[in-house]
Amino acid sequence: MSNNKYITAFAPASIGNVAVGFDMLGLAIDGVGDRVSARKTEAQGVLIKEIYDHNGQPHQDLSREADKNTASISANALWESRGIECGIELIIHKGIPLQSGMGSSAASAVAGVVAVNALLDEPLEKSKLLSFALKGEEYASGGVHADNVAPSLIGGLVFCPLNMLPEILSIEVPENLSSVLIHPNLFVNTAESRLSLKANYSLSDMLQQQSYLAGFLLGVKENNLSLIKGNLKDIIVEPQRSSAVPCFDKMKKVAIQNGAFGCSLSGSGPSIFAICESKDAMHIESVMMETCKKEGYDCQSWVSKLNSPGAYVESN
């Protein structure tokens with residue numbers, strides 16, 4: 001073939017739900033993500049050549065079968081939609097821990113689509129790639145929701161309820177706010193966690209949670225810190241999931257005591273995030289990590305501006 005060089009794309013990790021917006025709000029984070037390299041091949045179909053872990057070693061826990069990996073499922077959906085006769089080969093570099101609540105499967109799906117899109121003679125606009133990335137995420141989580149895929153793709157804070165898909169809305173965020181994300185060395189299976197959630201909720205709880213969502217979004221829009229602090233709460237999903245993360249309650253308490261506007265699980269956990277003024281972020285990161293370690297868990301941490309970037313082509 002005239003050009004079969006690898007093109008590599010990076011897609012960041014993300015915070016799903018952002019406490020107030022189950023399955024409809026997502027937030028990109030900086031400094032950690034997945035990479036997928038793609039090139040054209042003579043043979044048709046999608047082939048995963050190798051999957052590497054964060055240490056650059058062959059990954060022991062992920063399948064190289066093309067119909068069982070979010071990166072290849074999403075990449076293949078895009079490739080087939082364009083009717084191209086040749087095939088593609090992928091190399092996946094996992095930088096996000098599995099079952100971490102950091103959008104690991106979504107980042108692979110997004111990086112796969114962005115890399116393959118760059119191979120096209122007429123690449124699609126980034127916003128048009130969402131529906132293809134969702135194919136892989138649906139396989140991983142057992143449902144269609146974009147709260148990890150959308151921020152990983154376009155960055156920042158994203159409003160992406162099911163009724164709008166594939167349309168999504170990027171929310172302008174204040175420059176003075178940051179997220180702090182702590183990943184304890186624990187594992188929570190996202191698909192199993194979703195299945196364990198209750199199917200019905202009281203009207204009073206639903207109305208209260210709706211008010212929190214509206215108040216939080218208004219607070220972000222107007223940079224009203226009091227509104228953000230008063231509404232960054234989850235009274236429906238968090239109480240059902242937090243028991244799976246033994247260090248959660250103490251980490252949440254210490255985050256808020258030290259200036260965080262709110263603190264909750266990232267997705268289904270075990271990762272825990274807080275939102276705060278950027279000037280307080282490093283201190284809140286420190287006290288949350290210290291608390292996590294005192295509870296007996298090693299951890300990793302990332303501090304990100306709320307407008308952290310989404311996926312991009314890293315090398316050509």
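Trainee: Which residue in E9 stands opposite Gly262?

Mentor: The model is predicted, so local features need pLDDT of at least 70 and side-chain atom pairs count only at pLDDT 80 or more, while totals for chains, interfaces and linings use all residues. Residues are numbered from 1 along each chain as its sequence is written, and side-chain values use heavy atoms, with hydrogens and water left out. E8 and strand E9 (residues 272–277) run antiparallel and are joined by 4 bridges; pairing requires that DSSP finds at least two bridges between two strands. Opposite Gly262, in E9, stands Ile275.

Trainee: Which strands stand at the edges of the open sheet that holds E8?

Mentor: Strands (E, at least two residues) and helices (H or I, at least four) are DSSP runs, numbered from the N terminus. The open sheet has 4 strands in the order E8-E9-E7-E10, paired antiparallel. Each edge strand has a single partner, so one side of it is left without a neighbour in the sheet. The edge strands are E8 (262–265) and E10 (299–305).

Trainee: What is the average twist from one strand to the next in the sheet E8-E9-E7-E10?

Mentor: Axes are lines fitted to C-alpha atoms, for helices over the stretch in contact, and angles run from 0 to 180 degrees between N-to-C directions. From one strand to the next, the twist averages 20°.

Trainee: Which helix lies across E7, E8 and E9?

Mentor: The strands concerned include E7 (177–184). The helix covers residues 248–257 and runs at about 160° to E8. The helix is H9.

Trainee: How many of the residues in the contact of H1 with H3 are nonpolar?

Mentor: Helix H1 (residues 70–81) packs on helix H3 (residues 130–141) at an angle of about 145°, with the axes 7 Å apart. Contact means heavy atoms within 4.5 Å, and the residues that meet include Ile73, Ala77 and Leu78 in H1 and Phe132, Gly136 and Tyr139 in H3. Ala, Val, Leu, Ile, Met, Phe, Trp, Tyr, Cys and Pro count as nonpolar, Asp, Glu, Lys and Arg as charged, and the others, Gly among them, as polar. Beside 4 polar and 1 charged, the nonpolar residues number 7.

Trainee: Is Ile73 buried or exposed?

Mentor: Ile73 lies in helix H1, and beyond its neighbours within four places in sequence it is in contact with Ala66, Asp67, Lys68, Lys135, Gly136 and Tyr139. Buried means under 20% relative accessible area, exposed over 50%, and partly exposed in between (1.4 Å probe, protein chains only). At 18% relative accessibility, Ile73 counts as buried.

Trainee: Where in the chain is Tyr312, the partner of Phe10 in the aromatic pair?

Mentor: A search of the whole structure finds 1 aromatic pair; rings of Phe, Tyr and Trp (its six-membered ring) pair if their centres lie within 6.5 Å, and planes under 30 degrees apart count as stacked, over 60 as edge-to-face and the rest as tilted. The pair of Phe10 and Tyr312 is tilted, at 5.6 Å centre to centre and 40° between the planes. Phe10 counts as buried at 10% relative accessibility, whereas Tyr312 counts as partly exposed at 38%. Phe10 is in strand E1 (residues 7–16), and Tyr312, 302 residues apart from it, is in strand E11 (residues 312–315).

Trainee: How many of the 17 residues of strand E2 are buried?

Mentor: E2 (residues 25–41) pairs antiparallel with E1 over 9 bridges, with E5 over 3 bridges and with E4 over 7 bridges. Opposite positions include Ile15 with Leu27 in E2, Gly26 with Val158 in E5, and Arg35 with His93 in E4. The strand is largely enclosed by the rest of the structure, because its buried residues number 13.

Trainee: Which residue does a cis peptide bond join to Gly269?

Mentor: Most residues other than glycine have a negative phi, and most peptide bonds are trans. One cis bond joins Leu165 and Pro166, with omega about 10°, and Pro166 is in the loop between strand E5 (157–159) and strand E6 (169–171). In the loop between E8 and E9 lies Pro270. With omega near 10°, the cis bond from Gly269 leads to Pro270.

Trainee: What is the phi of Asn223?

Mentor: Gln99, in the loop between strand E4 (87–93) and helix H2 (104–117), has a positive phi near 50°. Asn223 is in the loop between helix H6 (203–222) and helix H7 (225–231), and at 36% relative accessibility counts as partly exposed. The phi of Asn223 is positive, in a residue other than glycine, and is near 50°.
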